[in-house]
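Here's a quick walk through a fold, from its sheet to its cores. Have the viewer open as you read.

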Amino acid sequence: MSGPVLLTGAGGRIGTVLRGGLPERGWALRSLDVAPLTDVRPGEEEVVADVTDLAAVLDAVAGASAVVHLAGVSGESTWPVISHANIEGTYCALEAARRAGVERVVLASSNHATGYTPRPDGGLLREVDAPPRPDTYYGVSKVAMEALGSLYADRYGMDVVCLRIGSAFPEPTTVRMLATWLSPGDQVGLVDAALRAPSPGFAVVWGVSANTRNWWDLTAARALGYEPADDAEVFAEALVEAHGAPDPADPVHRLVGGQYTLPEFDAEHFS
Ligand code: 15L
């Protein structure tokens with residue numbers, strides 16, 4: 001595949017991990033962020049631009065082979081902030097790709113698109129059994145992201161892979177994350193698979209490691225070629241000792257979105 005991958009939100013938490021891991025898997029990167037990167041790597045192209053500036057994203061995407069869109073607000077905020085950064089930003093990423101003839105876009109969706117979905121009682125939850133059920137304005141923006149991706153795939157024949165990411169952190173820090181953790185290495189593996197899968201069309205897959213306590217079905221992600229290597233269970237003893245065992249009746253463990261479903265995540269608490 002010729003041309004670099006345009007990575008939006010490149011300076012963020014996941015962007016920084018991908019900038020470390022994707023080049024080792026053969027991907028050249030053009031890294032876009034609204035703030036200058038402090039650690040540009042050899043061979044990496046840097047673009048300083050706001051992802052909601054369509055003209056700037058159009059310039060940035062010229063000659064790219066694919067777009068990985070991570071830019072945006074990564075948690076709950078006010079409606080004006082979320083709708084601008086996350087919904088307008090996703091539109092710009094997809095529309096710029098379309099106009100430039102870039103045929104593959106990988107979108108960083110989230111489990112919070114389906115946050116009010118009850119966790120399955122014992123089995124594994126498939127993506128098709130978790131339609132939109134956002135837990136926050138942030139979750140709504142991820143529903144809009146998946147809807148925009150679906151539109152661009154159906155209308156323009158683009159390959160659009162939406163990753164419903166669990167908890168992408170260096171290591172799990174809560175007992176919920178014993179189920180939802182997506183390790184740094186698996187973040188790289190998942191995006192690599194989404195970029196490489198032959199003709200995925202429109203796909204929505206959970207983004208989670210091979211956690212012993214996982215309640216998401218990884219069949220669709222594995223079908224793309226994702227082979228998770230990590231399991232949060234190695235952190236279980238310490239986390240359960242520190243925070244107690246998860247109570248299945250607690251909304252934090254009963255619902256997919258965890259703490260995002262609680263009243264403290266009402267948008268009025270954010271500014
Ligand atoms: C997300 O989508 C957020 O970006 C992240 O900060 C975490 O809250 C994560 O979900 C999660 O559910 O743990």
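In what order do the seven strands of the open sheet run? The order is β3-β2-β1-β4-β5-β6-β7, with parallel pairing. Because β3 and β7 sit at the edges with a single partner strand each, one side of each has no neighbour in the sheet. From one strand to the next, the twist averages 20°. Strands here are DSSP E runs of at least two residues, helices are H or I runs of at least four, both numbered from the N terminus, and two strands pair if DSSP finds at least two bridges between them.

This is a predicted model, so to speak with cut-offs: local features need pLDDT of at least 70, side-chain atom pairs count only at pLDDT 80 or more, and totals for chains, interfaces and linings use all residues. Numbering starts from 1 along each chain as its sequence is written, and side-chain values use heavy atoms, with hydrogens and water left out.

| Strand | Residues |
|---|---|
| β2 | 29-33 |
| β3 | 45-48 |
| β7 | 202-207 |

Strand β2 is joined to β3 by four bridges, and L32 has V47 as its bridge partner in β3.

Now the packing. The largest nonpolar core (buried Ala, Val, Leu, Ile, Met, Phe, Trp, Tyr and Cys joined through side-chain atoms within 4.5 Å; buried is under 20% relative accessible area with a 1.4 Å probe, protein chains only) has 40 residues. L18, V68, L163 and L195 have the most contacts inside it. Helix α6 gives the largest share, six residues. Apart from this core lies another of 27 residues, including C92 and V204.

How values were computed:
Axes fitted to C-alpha atoms, helices over the stretch in contact; angles between N-to-C directions. Buried < 20%, exposed > 50% of the residue type's maximum accessible area, 1.4 Å probe, protein only.
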